[in-house]
Amino acid sequence: MKMALLNPNLNLRLQSPSPSQSHQQLAWTSSVAVAPPTNLATRLGFGFGFPLSTCLKVTCNAVAQPVNLGTGTPVRSTSILVVGATGTLGRQIVRRALDEGYDVRCLVRPRPAPADFLRDWGATVVNADLSKPETIPATLVGVHTIIDCATGRPEEPIKTVDWEGKVALIQCAKAMGIQKYVFYSIHNCDKHPEVPLMEIKYCTEKFLRDSGINHITIRLCGFMQGLIGQYAVPILEEKSVWGTDAPTRIAYMDTQDIARLTFIALRNEKMNGKLLTFAGPRAWTTQEVITLCERLAGQDANVTTVPVSILRFTRQLTRFFEWTSDVADRLAFSEVLTSDTVFSVPMAETYDLLGVDSKDIVSLEKYLQDYFTNILKKLKDLKAQSKQTDIYF
C-alpha cells in the first residue's frame, strides 16, 4: 500500500505488511524536496494528514532536504511555543521561560476547563490538537523555538499523539522555518523496540534529526513529581500503594531542574544537534522509594505487590483483542521491568557541558522531605484549627 501525504512537494510512502506476518511492522521512507511556497496555504503547510496503519513497529529511514521559505519578518529568538504546557513537565517549562524573560505561547487542546493558570502566569494560550494536524500551522506563526513536552492521554492510542501528531508537528515546523526544536524522549528508548512508546520515541528522534531542523533531544529517566500521587499521597491517606517486585532502578529528577537545564542548553549554540540525557543524582527501586516515603511520613505503607510475571501475562492476553490493544501497549513496560534496567547515566560530562554544579540538583531525599514537611505541617495546622472551631453541647 502506498499513500502520498502532506502536499504534492512531499513524498511520504507507507508500506504495510501482509496480515500473515506474526509481528506487524510499519516501514516508512521519506524524501522531502519542497519548492519555495507560492501561496499562503502552501507556506503554512495546510493539508497535513497521516492515515498511518495501526501498526506500531516502526523502521525509520528519513532523508530531508532544506526548505526555502524565502525572506520575511525576522522572528525574535525569545519567542517560544511550549507544546504540552499543562503537563507535569510542560508547566515547569512555562514557568521557567517566563521567569527568564521569554515570550511564551502555549499550545493546549480545546478543553471544558480552560488553562487559565497559564494566562495568569503571563503566557499566551492557543488552542490546537496534534491529532488534528490542520490545527497546528496557525500556532507556529511568529515562533522561533518549539519545546515539545507533549504526550498522549492514557485513554488514547499511543500512536495518535506520540507518533502521528509529532510527525505532523515536526513537518509543520520544517515548512514554516522554525529555528529550533527541543524534543523530550525516554532514556534507553533505542534499547527496547518491544515497547511501543519507547520505539516511537526513538523513531521520532531520528525523524527530527533527519528533518534538518536545529534541535536538541533530551532523554529523561523519571519525574520526582510523579511519585507524589503514586506513593506519598496514598501512604498519608492510608490507602494501598501499588508496587512491583522488579529490580529496575530509576534516577528520578525534579522537573524544575529539568526546565532549568533545558534553557541553559537552549542558550548554548554548541548544543544544537546534541542528544542529552538528564538523570537524577541516584537511581532508586520501587521498594526503596516506598521505604523512604514511609520514613518521612512516619507511618507504614499498605503495599500491594504485583509480580512482573502477572503484568507480562496480562499484556500477552490483551494483545489477542483489538479493543484491548492499547492496554497491551501500555503494559509493554513490564518487559522493561524484567530486564534489570537502570534508568540512569553519569551526569558529570553533561554538567560540564552546561556549566552546572551537581550540588544544585535536587536529590529525591530532599524533594520528598520538603514535601512531607510541608504537607504534615498543613495537616497539623488544619487539625488545630478544627479543634478550635469544635462546638460541644
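Biologist: In this model, which strands does α7 lie across, and at about what angle does α7 run to β8?
Modeller: The model is predicted. In it, α7 lies across β4, β7 (145-148), β8 (180-186), β9 (215-220) and β12. Relative to β8, α7 runs at about 140 degrees.

Biologist: What is the strand order of the open sheet of seven strands?
Modeller: The pairing in this sheet is parallel. Neighbouring strands are turned against each other by 25 degrees on average, direction ignored. The order is β6-β5-β4-β7-β8-β9-β12.

Biologist: Which strands stand at the edges of that sheet?
Modeller: An edge strand here has a single partner strand, so one side of it is left without a neighbour in the sheet. The strands in that position are β6 and β12 (275-278).

Biologist: How many bridges join β4 to β5, and which residue of β5 stands opposite Val82?
Modeller: Strand β4 covers residues 79-83 and runs parallel to β5. Five bridges join β4 to β5. Opposite Val82 stands a residue of β5, Cys106.

Biologist: Which residue in β6 stands opposite Leu107, and is the crossover from β5 to β6 right-handed or left-handed?
Modeller: Strand β5 (residues 103-108) and strand β6 (residues 124-127) run parallel and are joined by four bridges. Leu107 stands opposite Val126 in β6. From β5 the chain goes through helix α3 (residues 116-121) to β6, and this β-α-β crossover is right-handed.

Biologist: Are α2 and α7 roughly parallel or oblique to each other?
Modeller: Helix α2 spans residues 90-99 and helix α7 spans residues 255-267; their axes come within 9 Å and cross at roughly 50 degrees. The crossing of α2 past α7 is right-handed. An angle under 35 degrees would count as roughly parallel. With that crossing angle, α2 and α7 are therefore oblique.

Biologist: Which residues in α7 does α2 meet?
Modeller: From α2, the residues in this contact are Gln92, Ile93, Arg96 and Ala97. The residues of the contact of α2 with α7 divide into four nonpolar, four polar and two charged. The partners in α7 are Thr255, Gln256, Ala259, Arg260, Thr262 and Phe263.

Biologist: Are α4 and α5 roughly parallel or oblique to each other?
Modeller: The axes of helix α4 (residues 158-175) and helix α5 (residues 196-211) come within 10 Å. They cross at roughly 5 degrees. The two helices are therefore roughly parallel.

Biologist: How many nonpolar residues does the contact of α4 with α5 have?
Modeller: On the α4 side the contact includes Trp163, Val167 and Ile170, together with Lys159 and Asp162. On the α5 side, Leu197, Ile200, Phe207 and Leu208 are among the residues met. By class there are three polar and five charged residues, and the nonpolar ones number 10.

Biologist: What is the orientation of α6 to α8?
Modeller: Helix α6 (residues 226-236) and helix α8 (residues 286-297) pack with their axes 10 Å apart, at an angle of about 45 degrees. That angle makes the orientation of α6 to α8 oblique.

Biologist: How many nonpolar residues does the contact of α6 with α8 have?
Modeller: Leu227, Tyr231, Ala232, Ile235 and Leu236 come from α6. They meet Thr286, Val289, Ile290, Cys293, Glu294 and Ala297 in α8. One residue of the contact is polar and one is charged, while the nonpolar count is nine.

Terms used
Residues are numbered from 1 along each chain as its sequence is written. This is a predicted model: local features need pLDDT of at least 70, side-chain atom pairs count only at pLDDT 80 or more; totals for chains, interfaces and linings use all residues. Side-chain values use heavy atoms; hydrogens and water are left out. Two strands pair if DSSP finds at least two bridges between them. A crossover is right-handed if, with the strands pointing away from the viewer, the path from the first strand over the helix to the second runs clockwise. Axes are lines fitted to C-alpha atoms, for helices over the stretch in contact, and angles run from 0 to 180 degrees between N-to-C directions. Angles under 35 degrees count as roughly parallel, over 145 as roughly antiparallel, 65 to 115 as roughly perpendicular and the rest as oblique. A crossing is left-handed if the near helix is turned anticlockwise from the far one by less than a right angle, and right-handed if clockwise. Contact means heavy atoms within 4.5 Å. Ala, Val, Leu, Ile, Met, Phe, Trp, Tyr, Cys and Pro count as nonpolar, Asp, Glu, Lys and Arg as charged, and the others, Gly among them, as polar.
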